[in-house]
Amino acid sequence: MLKKTDFDFIVIGAGAAGLTAAQYGARSGLDTMVIDLSDAGGQALNIFTLENYPGVFPPVPGRDFIKNMEKQAKSFGAKIIHSKVSSIDKIGQQFVIRTLDGELKAYAILIATGAQHRSLGVDGEKKLLGKGVSYCATCDGPFFKGKKIMVVGGGDSACSEAFYLATLSNSVTLIHRRKQLRAQKAVAEKILTHPNITVRYNSVIKKINGKDKVESVVLENVETNEDVELPTDAVFIFIGMNPRTDLVAMLPKDESGYLITNYKMETLVPGMYAAGDVRAKPFRQIITASSDGAIAAHQAHEYVNTLKAKMGAAK
Ligand code: NAP
């Protein structure tokens, strides 16, 4: 059970947005608690090399970077617990957050729950998950050293992960459904010039074959409608993310399901903020998640102080 249950500011999600908010919140004097289901760090834990965070040079592993962020937040007094949040209600001036380990209360909360990977939804994908099908290159890539690897997607994730996988294998094929990559130019160029990576455009995976492990995929060329079966040992899928918004289903979202906030990270509920990849915005990066987190914590600090002053005056 939880020893302490009342806080000023509770952050749900310990990725880059949540940890930055925790640091800024705690440093500004807010009694701050972070709740995350698992190991703090979010998607940054899976970044092989973080090379585009300004001021962090030479590049460092994403895990080292985000674990340092966790330590920094804790150094200012933020607490982190691991539990599953089941519901959030606002009762009077406080939010009540129910977790599997008990109930917590706070005057302000931040939804920083991020996003989770999308799946292709093709035959064999579920059955062969963990047997060659994967959504995490740094976690599973080393199992396929020197083997044939396919990567699906044309965005920053697919390209960055293909680049990492090409350090393990000289046979990496990137499968993209269009004839142009979506990834940022600098990221795409590294793929297009890499000797270990081949790109197959206008192609989609229709089926992943294998009895106990991935053996081949059926690829369809979407221009010619021709199918071809290609042998492979692994299929890494990076086709975008779905925001985790279940806890706040009532809040407005954009057409892709991301939470809508204003520029202060405020949602429609006073005292409730949203930050990071769960939020509707044009560019999702660690740096933009951190920026959101800092703004949200700053606003939460103002909100909580004003609220406490009003409550004090009313006594
Ligand atoms: P993304 O940018 O949404 O790209 C998803 C890719 O998957 C697109 O190329 C898309 O094709 C393809 N796709 C979507 N559904 C598909 C399907 N059913 N079948 C086949 N292909 C499908 O997602 P992301 O790459 O995961 O990136 C998410 C966010 O994180 C982005 O904002 C990105 O900039 C950021 N990010 C940045 C970095 C970095 O800076 N190093 C690294 C990773 C992620 P279309 O192009 O045809 O739509």
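A polar contact is a pair of N or O atoms within 3.5 Å; within protein, one of the two must be able to donate a hydrogen and the other to accept it. With that in hand, Thr 232 is a handy place to start looking at this model, which is a predicted one. The side chain of Thr 232 reaches the backbone oxygen of Lys 148 at 3.1 Å, so this pair falls within the 3.5 Å cut-off. A polar atom of the same Thr 232 side chain also lies 3.1 Å from the backbone oxygen of Ala 234. Thr 232 sits in the loop between strands S14 and S15. With a relative accessible area of just 2%, Thr 232 counts as buried, because buried means under 20%.

Strand S15, at the end of that loop, leads straight into the sheet. Five strands make up an open sheet, and reading across it the order is S8-S15-S9-S10-S11, with parallel pairing. The two edges belong to S8 (133–134) and S11; each of them has a single partner strand, so one side of each is left without a neighbour in the sheet. As a bit of background, strands of a sheet pair through backbone hydrogen bonds, either parallel or antiparallel.

Going through the pairs one by one helps to see how the sheet is put together. At one edge, S8 is joined to S15 (residues 234–237) by two bridges, and these strands run parallel. Here Val 133 stands opposite Val 235 of S15. Further across, S9 (residues 149–152) and S10 are joined by four bridges, again running parallel, and Met 150 stands opposite Thr 173 in S10. To get from S9 to S10, the chain passes through helix H4 (residues 156–165), and this β-α-β crossover is right-handed. Next, S10 pairs with S11 (residues 197–200) in the parallel sense, over four bridges. Leu 174 has Val 199 as its bridge partner in S11. The route from S10 to S11 goes through helix H5 (residues 185–192), and this β-α-β crossover is right-handed too.

What about the two faces of S10, covered or open? Both are covered in this strand (residues 172–175): Val 172 and Leu 174 are buried on one side, and Thr 173 and Ile 175 are buried on the other. Thr 173 and Leu 174 have thus come up twice: Thr 173 is the residue opposite Met 150, and Leu 174 is the bridge partner of Val 199.

Now for the ligand. It is surrounded by 18 residues, and the closest are Asp 156, Ser 157, Arg 178, Arg 182 and Gln 285. The shell divides into three nonpolar, ten polar and five charged residues. Some polar contacts can be picked out by distance. In one of them, an N or O atom in the side chain of Asp 156 is 2.6 Å from an oxygen atom of the ligand. In another, a polar side-chain atom of Arg 177 lies 2.9 Å from a ligand oxygen. For Gln 184, an N or O atom of the side chain is 3.2 Å from an oxygen atom of the ligand. Taken alone, the ligand exposes 910 Å², and the protein buries 77% of that.

A few spots in the backbone deserve a second look. Most residues other than glycine have a negative phi, and most peptide bonds are trans. The bond from Phe 57 to Pro 58, however, is cis, with omega near 0°. Pro 58 is found in the loop between strand S2 (32–36) and helix H2 (62–75). Then there are two asparagines. Asn 202 has a positive phi of about 50° although it is not a glycine, and its place is in the loop between S11 and strand S12 (203–209). Asn 225 has a positive phi as well, near 60°, and belongs to the loop between strand S13 (216–221) and strand S14 (227–231). Which of these asparagines is buried, and which is exposed? Asn 202 counts as buried at 12% relative accessibility, whereas Asn 225 is exposed, with a relative accessible area of 53%.

One last loop residue is Ala 112, between strand S6 (102–111) and strand S7 (115–117). Ala 112 is buried, with a relative accessible area of 8%. Its C-alpha atom is separated by 9.9 Å from that of Ile 35, and the two residues are 77 residues apart along the chain.

Terms used
Residues are numbered from 1 along each chain as its sequence is written. This is a predicted model: local features need pLDDT of at least 70, side-chain atom pairs count only at pLDDT 80 or more; totals for chains, interfaces and linings use all residues. Side-chain values use heavy atoms; hydrogens and water are left out. Buried means under 20% relative accessible area, exposed over 50%, partly exposed in between (1.4 Å probe, protein chains only). Two strands pair if DSSP finds at least two bridges between them. A crossover is right-handed if, with the strands pointing away from the viewer, the path from the first strand over the helix to the second runs clockwise. A residue is near a molecule or strand if one of its heavy atoms lies within 4 Å of it. Accessible areas come from the Shrake-Rupley method with a 1.4 Å probe; for residues, only the protein chains shown count as cover. Ala, Val, Leu, Ile, Met, Phe, Trp, Tyr, Cys and Pro count as nonpolar, Asp, Glu, Lys and Arg as charged, and the others, Gly among them, as polar.
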